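User: I'm used to gels and assays, not coordinates. Could you walk me through reading a structure, one feature at a time?

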Amino acid sequence: MVTQEQIARKLGVSRQLVAFALAGYPQVAQASRERILAAAQEMGYRPNPHARALRRQRTGIIALFIPNQISTHYSHVARELNRLVRRERQELIISEMDAAEARQTLSNVPVDGVIAVDIPGQATMHRQLLAARAIPLVSMGAACFGETDAVQVDLQAGASQVMAHFLDAGHRRIAHATFVHEDQPQPGRWLGYREAMKKAGLKPEFIYYPLTQQLRPVTRQFIQDYIRQHGCPEAIFCHSDDAALGIYRGLCDLKVRVPQDVALAGCDGIEDTEYLECPLTTLVQPVEEMCAAAWKFLADRLEHPELEKQSLILQPRLEIRESSAGV
């Protein structure tokens, strides 16, 4: 591995001058900079990110905490954030966990900062981070912790859009398929659905499925059992696209037609929803914009710890497709 010292010896200059030139310091004369950069390229020099991090008293490692469940949406979030972090020559570690597991992870892996998406109990996590090394936390997603830097996606407003779409189409028996129960309401889809039904003078109907890592096959069977027992709603708004895909296949198994017999909409905007015989309506989360803002917030916080709290609210986009567009 070529070092700055070797470049300096080859050119007959000081190692400090080489370091300044490679770091882009403006004090270095243009001719000297070009000569040093040319030699570094010829010799195959590559900067050592670990040494750079050590000099700055940082590890160069960022943690992403996501809920302890398999989700296509969270996979999308992880890929996008990883792209942004690696572009800055840093490393991203991804942990599926809840707040109770944060302490163990932080004690084993030194990180410069944490981004948490939709993690319950973020107040507990924040206290643990402060106790560890005053590690900054950026909260993002539908369920944000308001005491830290946060990028929130307003899925409650988005759910209102879905419900307005269903109600304008004349649907009255509209069900919400979710794992969120009434004793643990969350800001977002659940409240948006309930408030829209209340405003329309209609009775909410919840199709509660268990939270599982096998969400698509479970919801596929669950909707069939539900319809056999309760009949079929006129429209179903699903907590996630993964749940919507399972429910869609379960409806097909029963020969229930979408959208002729029941309108269907999901949430997240994953790519799979476009590639069905009947493409699914979905509430698209702005993943790229959310990750870019969260990463910027964290980078700014690391450089300027005393910044005022940073916050941003993003709006999802309702993508209306054949599954709810009428016959």
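User: Let's start with the sheet of six strands: what order do the strands have, and what kind of pairing?

Analyst: Before that, some ground rules. This is a predicted model, where local features need pLDDT of at least 70 and side-chain atom pairs count only at pLDDT 80 or more, while totals for chains, interfaces and linings use all residues. Residues are numbered from 1 along each chain as its sequence is written, and side-chain values use heavy atoms, with hydrogens and water left out.

Now the general idea: strands of a sheet pair through backbone hydrogen bonds, either parallel or antiparallel. Two strands count as paired if DSSP finds at least two bridges between them. Strands (E, at least two residues) and helices (H or I, at least four) are DSSP runs, numbered from the N terminus. Here, the six-strand sheet is open, reads β7-β6-β8-β9-β10-β12, and has mixed pairing. β7 (205–208) and β12 (317–319) are the edge strands, each with a single partner, so one side of each has no neighbour in the sheet. On average, neighbouring strands of this sheet are turned by 20° against each other, direction ignored.

User: Can you zoom in on one pair? Over how many bridges do β9 and β10 pair?

Analyst: Four: β9 (residues 263–268) and β10 (residues 281–284) pair in the parallel sense. To find the register, look for Cys 267, whose bridge partner in β10 is Leu 283.

User: And which strands does helix α9 touch?

Analyst: Touching is about contact, meaning heavy atoms within 4.5 Å. Helix α9 (residues 189–199) packs on the sheet and touches β6 (174–178), β7, β8 (235–238) and β9. Its direction makes about 165° with that of β6. For such angles, axes are lines fitted to C-alpha atoms (for helices, over the stretch in contact), and angles run from 0 to 180 degrees between N-to-C directions.

User: Next, β1. Is it largely enclosed or open, and why?

Analyst: Burial is read from relative accessible area: buried is under 20%, exposed is over 50%, and partly exposed is in between (1.4 Å probe, protein chains only). In β1 (residues 61–66), five of the six residues are buried, so the strand is largely enclosed by the rest of the structure. It runs parallel to β2 (residues 91–96), with six bridges joining the two, and Ile 61 stands opposite Glu 91. Four bridges join β1 to β3 (residues 113–117), also in parallel, and there Ala 63 has Val 114 as its bridge partner.

User: Glu 91 sounds like a charge that wants company. Which side chain does it meet in a salt bridge?

Analyst: The rule first: a salt bridge is a side-chain nitrogen of Lys or Arg within 4 Å of a carboxyl oxygen of Asp or Glu. Glu 91 meets Arg 86 at 3.3 Å, N to O. Glu 91 is partly exposed at 39% relative accessible area, and Arg 86 is partly exposed at 48%.

User: How many salt bridges are there, and what do others look like?

Analyst: The structure holds 15. One of them joins Glu 80 and Arg 83 at 2.7 Å, N to O. Both sit in helix α5 (residues 72–87), three residues apart, about one turn of the helix. Glu 80 is buried at 10% relative accessibility, whereas Arg 83 is partly exposed at 44%.

Another pairs Asp 242 with Arg 216 at 2.8 Å, N to O. Asp 242 lies in helix α11 (residues 241–253) and Arg 216 in helix α10 (residues 215–230), so this pair ties together parts 26 residues apart in sequence. Asp 242 counts as buried at 6%, and Arg 216 as partly exposed at 30%. Arg 216, Asp 242 and Asp 272 are linked in a network of salt bridges.

User: Last one: at what angle do helices α1 and α3 pack?

Analyst: About 115°, with the axes of α1 (residues 4–11) and α3 (residues 30–43) 10 Å apart. Residues that meet there include Ile 7 and Leu 11 in α1, and Ile 36 and Ala 39 in α3.

User: And the chain overall: how many helices and strands?

Analyst: Twelve helices and twelve strands. Of the 327 residues in the protein chain, 48% are buried.
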